[in-house]
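Colleague: Before I take any of the labels on this model at face value, could you go through them with me and say what each one rests on?

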Amino acid sequence: MSDARLSAQLPHTLNATDFPTLGQKYQGKVRDTYLKGDRLVLITTDRLSAFDHVLTTLPFKGDLLNTLAHFWFQKTAHVVKNHVIDMPDPCVIVGRQAQAFKVEFVVRGYLTGSLWRDYEAGRDPYGLSLPPGMKKDQKFDRPLLTPSTKAPIGQHDEPLTDAAVLERGLLSARDWTRSKEAALGLFAEGQKQTSAQGMLLVDTKYEFGLVGEELVVIDEMHTPDCSRFWISEGSAERFARGEPQQMLDKENLRQWLIAERGFSGQGTPPAIPDEVRVMLADKYLAAFERITGTTFPLVVGDVRARVQKNLRAAKLI
């Protein structure tokens with residue numbers, strides 16, 4: 001049963017922000033990013049996207065995602081540096097501006113999600129040459145990198161092969177090599193730490209950029225929005241029986257959209273009922289608390305007013 005405060009927060013979710021004094025605004029699917037000089041202020045809203053469409057909002061989503069990303073940035077700084085300077089509010093990160101690469105780095109430890117759908121249909125968009133006879137949710141011998149383009153809102157990311165990244169000049173050979181190494185290193189660290197908390201980091205997405213010549217990880221990391229998490233207990237048995245895994249991530253919504261609404265990105269997205277919004281927020285909350293080993297303080301109320309107050313206190317507006 002979900003926490004009643006999740007339902008109580010539904011009328012107060014943060015759909016958009018408007019703080020012109022923070023700088024020039026760029027609105028992504030989930031984050032509103034403000035640029036002033038070489039400083040970025042990233043506000044993680046409660047917007048929820050799936051299949052490259054912004055669909056609705058989730059209670060406390062911005063707070064949970066941003067605070068969890070900040071937790072991971074701190075935990076992985078020894079693997080690769082990040083863009084974080086400060087976190088003045090649960091859903092706000094102040095960061096260094098990086099020259100962002102035009103590639104998303106998806107690392108996969110298991111054959112699931114879109115990669116399974118490709119495999120089942122006989123497609124190999126990443127040039128992986130996976131062996132025949134693999135099963136859904138099967139673990140790879142070693143994690144695989146499946147890069148994609150970063151498409152504008154409303155357009156689909158395009159899968160890339162290693163060769164295509166270099167042929168198109170999306171990254172230099174040096175930046176491609178060290179970004180791949182960083183992505184795999186971050187994934188290994190994430191798997192190690194989630195495993196200790198009774199969870200499996202199944203796959204995830206990273207974004208990198210340069211601050212001068214320094215490679216940094218940006219955006220978010222190891223959250224239920226950009227990663228798949230399964231509950232470890234009983235996972236092997238579920239796989240052996242061909243049963244679905246217990247998921248604590250956005251895949252719950254994707255599966256609901258496919259099964260209940262026949263939607264996988266084409267046409268007009270359906271409305272998301274409140275009970276589905278609360279269900280997914282509950283999964284995000286469970287993921288946060290399992291990963292961090294802490295209880296998240298759910299305070300019902302006006303998120304925008306709180307953000308404004310904390311930005312003022314930090315002398316950012």
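Modeller: Helix H2 (residues 61–75) is a good place to begin, since it lies across strand S2 (31–36), S3, S6 and S7 and runs at about 145° to S6. Helix H9 (residues 303–313) also packs on the sheet, where it touches S3, S6 and S7, and its direction makes about 125° with that of S6. Please keep in mind throughout that this is a predicted model.

Colleague: What is the order of the strands in the open sheet, and in which sense do they pair?

Modeller: The five strands follow the order S1-S2-S3-S7-S6, and the pairing is antiparallel. Strand S1 (24–27) and strand S6 (84–89) are called edge strands because each pairs on one side only, pairing being accepted where DSSP finds at least two bridges. From one strand to the next the twist averages 20°.

Colleague: How do you know that S3 pairs with S2 and with S7?

Modeller: The rule asks for at least two bridges. Six bridges join S2 to S3, which run antiparallel, and strand S3 (residues 39–44) and strand S7 (residues 92–96) pair over five bridges, again in the antiparallel sense, so both pairs satisfy the rule. Arg 39 shows this residue by residue, for Arg 39 in S3 is the bridge partner of Lys 36, while the bridge partner of Arg 39 in S7 is Arg 96. Leu 40, in turn, stands opposite Gly 95 in S7. S2 and S3 form a hairpin with two residues between them, and Gly 37 in the turn has a positive phi of about 65°.

Colleague: What makes S3 a mostly covered strand?

Modeller: Six of its six residues are buried. Arg 39, Val 41 and Ile 43 point one way from S3, whereas Leu 40, Leu 42 and Thr 44 point the other way, and all are buried.

Colleague: Why is Gln 9 called buried?

Modeller: The label requires a relative accessible area under 20%, and Gln 9 has 0%, so Gln 9 counts as buried. Gln 9 is found in the loop between helix H1 (4–8) and S1, and, leaving aside residues up to four places away in sequence, touches Pro 59, Phe 60, Val 299, Val 300, Gly 301 and Val 303.

Colleague: Why is the contact between Arg 306 and Asp 63 called a salt bridge?

Modeller: The rule needs a side-chain nitrogen of Lys or Arg within 4 Å of a carboxyl oxygen of Asp or Glu; the N to O value for Arg 306 and Asp 63 is 2.8 Å, so the pair qualifies. Arg 306 lies in helix H9 and Asp 63 in helix H2, so the salt bridge ties together parts that are 243 residues apart in sequence. Asp 89 also forms a salt bridge with Arg 306, with the closest N and O atoms 2.8 Å apart, and this pair links Asp 89 in strand S6 to Arg 306 in helix H9, 217 residues apart.

Colleague: Which of these three residues, Arg 306, Asp 63 and Asp 89, are buried and which are partly exposed?

Modeller: The class of partly exposed residues falls between 20% and 50%, so Arg 306, at 25%, is partly exposed. Asp 63, at 5%, counts as buried, and Asp 89, with a relative accessible area of 2%, is buried as well.

Colleague: How do you know that Asp 203 and Arg 228 form a salt bridge?

Modeller: Their closest N and O atoms are 2.7 Å apart, and the limit is 4 Å, so the pair meets the rule. Asp 203 lies in strand S12 (residues 199–211) and Arg 228 in strand S14, so the pair ties together parts that are 25 residues apart in sequence. Asp 203 is buried, and so is Arg 228.

Colleague: Which residues touch the most other members of the largest nonpolar core?

Modeller: Of its 60 residues, they are Phe 105, Tyr 206, Phe 208, Leu 253 and Leu 257. Helix H8 (residues 274–292) gives the most to this core, with nine residues. A second, separate core of 13 residues includes Leu 22, Val 41, Val 307 and Leu 316.

Conventions: Residues numbered from 1 in each chain as written. Predicted model: local features only at pLDDT ≥ 70, side-chain atom pairs only at ≥ 80, totals over all residues. Heavy atoms only, no water. Core = buried A, V, L, I, M, F, W, Y, C linked by side-chain atoms within 4.5 Å. Buried < 20%, exposed > 50% of the residue type's maximum accessible area, 1.4 Å probe, protein only. Helix = DSSP H or I, 4+ residues; strand = E, 2+ residues; numbered from the N terminus. Axes fitted to C-alpha atoms, helices over the stretch in contact; angles between N-to-C directions. Contact = heavy atoms within 4.5 Å.
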